[in-house]
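Subject: Structure handover

Hello,

Here is the structure I promised to pass on. Please open it next to this email and follow along.

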Amino acid sequence: MLTGIRVREIMRNKVASAADSLSIMECAKKMAREEVGSLVIEQEGRVQGIITEQDLARKALAKGLDPRATKVSQLMTKKVHTIGPDQDLYEAVVKMGKEKIKHLPVVEQGALKGIISYKDIIKM
């Protein structure tokens with residue numbers, strides 16, 4: 001059930017990202033400042049992981065971890081599901097539903113090109 005809409009047509013090109021050396025406190029502040037629900041952790045333009053607001057709540061705060069001392073590399077999801085910019089939007093929706101994720105980095109030839117979220121899809 002393809003839509004005819006490519007991921008690149010609705011993805012956000014400006015991706016909020018961070019280095020894996022940041023503390024989760026710094027990541028939370030960056031998410032608040034940039035008004036985003038996730039940060040892609042990258043190194044030299046390559047996706048290394050992703051951290052979300054939900055990760056911060058469930059993996060850190062609920063467990064009493066020190067947000068200043070805990071590095072994002074300790075909590076980030078390292079197995080990041082991605083999608084290509086020329087794939088159909090339907091494929092993104094299916095992947096997000098199957099993997100139970102809300103943020104999907106868009107990668108082309110190994111390089112981060114954008115991000116798509118459920119909010120982006122709903123806004124259509």
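Below are my notes on strands, turns and surface. Keep in mind that this is a predicted model.

**The three-stranded sheet**

Start with the open sheet. It has three strands in the order 1-2-3, and the pairing is mixed. Strand 1 and strand 3 are at the edges with a single partner strand each, so each has one side without a neighbour in the sheet. Strand 1 covers residues 17-18. Strand 2 spans residues 38-43 and strand 3 spans residues 46-52. These two run antiparallel and are joined by six bridges. Two pairs are handy for finding the register. L39 sits opposite I51 in strand 3. Q43 has R46 of strand 3 as its bridge partner.

**The hairpin of strands 2 and 3**

Two residues lie between strand 2 and strand 3 in this hairpin. E44 has a positive phi there, near 55 degrees. For context, most residues other than glycine have a negative phi.

**The hairpin of strands 4 and 5**

Next, look at strand 4, residues 103-108. Strand 4 runs antiparallel to strand 5, and six bridges join them. E108 faces A111 of strand 5. This hairpin also has two residues between its strands. Q109 is in the loop between strand 4 and strand 5. The phi of Q109 is near 50 degrees, which is positive although the residue is not glycine. Is Q109 buried or exposed? Q109 has a relative accessible area of 79%, so it is exposed, the cut-off being over 50%.

How enclosed is strand 5 by the rest of the structure? Strand 5 runs over residues 111-117, and five of its seven residues are buried. Strand 5 is therefore largely enclosed by the rest of the structure. Buried here means under 20% relative accessible area.

**Another positive phi**

E35 is worth a look too. E35 is in the loop between helix 1 (24-34) and strand 2. Its phi is near 55 degrees, again a positive value in a residue other than glycine. E35 counts as exposed because its relative accessibility is 73%.

**The segment before strand 1**

Two residues stand out for my notes here. M1 is in the segment before strand 1. At 79% relative accessibility, M1 counts as exposed. M1 also belongs to a nonpolar surface patch, together with L2, Y90 and V94. The patch has an area of about 460 Å².

E9 is in the segment before strand 1 as well. E9 is partly exposed, at 49% relative accessibility. Which C-alpha distance goes with E9 and P85? Their C-alpha atoms are 8.3 Å apart, while the two residues are 76 residues apart along the chain.

**Positive charge on the surface**

Finally, there is a surface patch of positive charge. R58, K102, K119 and K123 gather in it. One of these, K102, is placed in the loop between helix 4 (89-99) and strand 4.

**Where to look first**

For a quick tour, I suggest this order:

- The antiparallel pair of strand 2 and strand 3, with E44 in the hairpin.
- The antiparallel pair of strand 4 and strand 5, with Q109 in the hairpin.
- The nonpolar patch of M1, L2, Y90 and V94.
- The positive patch of R58, K102, K119 and K123.

Best wishes

Key:
Residues numbered from 1 in each chain as written. Predicted model: local features only at pLDDT ≥ 70, side-chain atom pairs only at ≥ 80, totals over all residues. Heavy atoms only, no water. Patch = residues over 30% accessible without salt bridge, like charges linked within 9 Å, V, L, I, M, F, W, Y side chains within 5 Å. Areas by Shrake-Rupley, 256 points an atom, 1.4 Å probe, with all protein chains shown as cover. Salt bridge = Lys/Arg side-chain N within 4 Å of Asp/Glu carboxyl O. Helix = DSSP H or I, 4+ residues; strand = E, 2+ residues; numbered from the N terminus. Buried < 20%, exposed > 50% of the residue type's maximum accessible area, 1.4 Å probe, protein only. Pairing = 2+ DSSP bridges. Lys, Arg positive; Asp, Glu negative; His and termini not counted. Charge placed at Lys NZ, Arg CZ, Asp CG, Glu CD.
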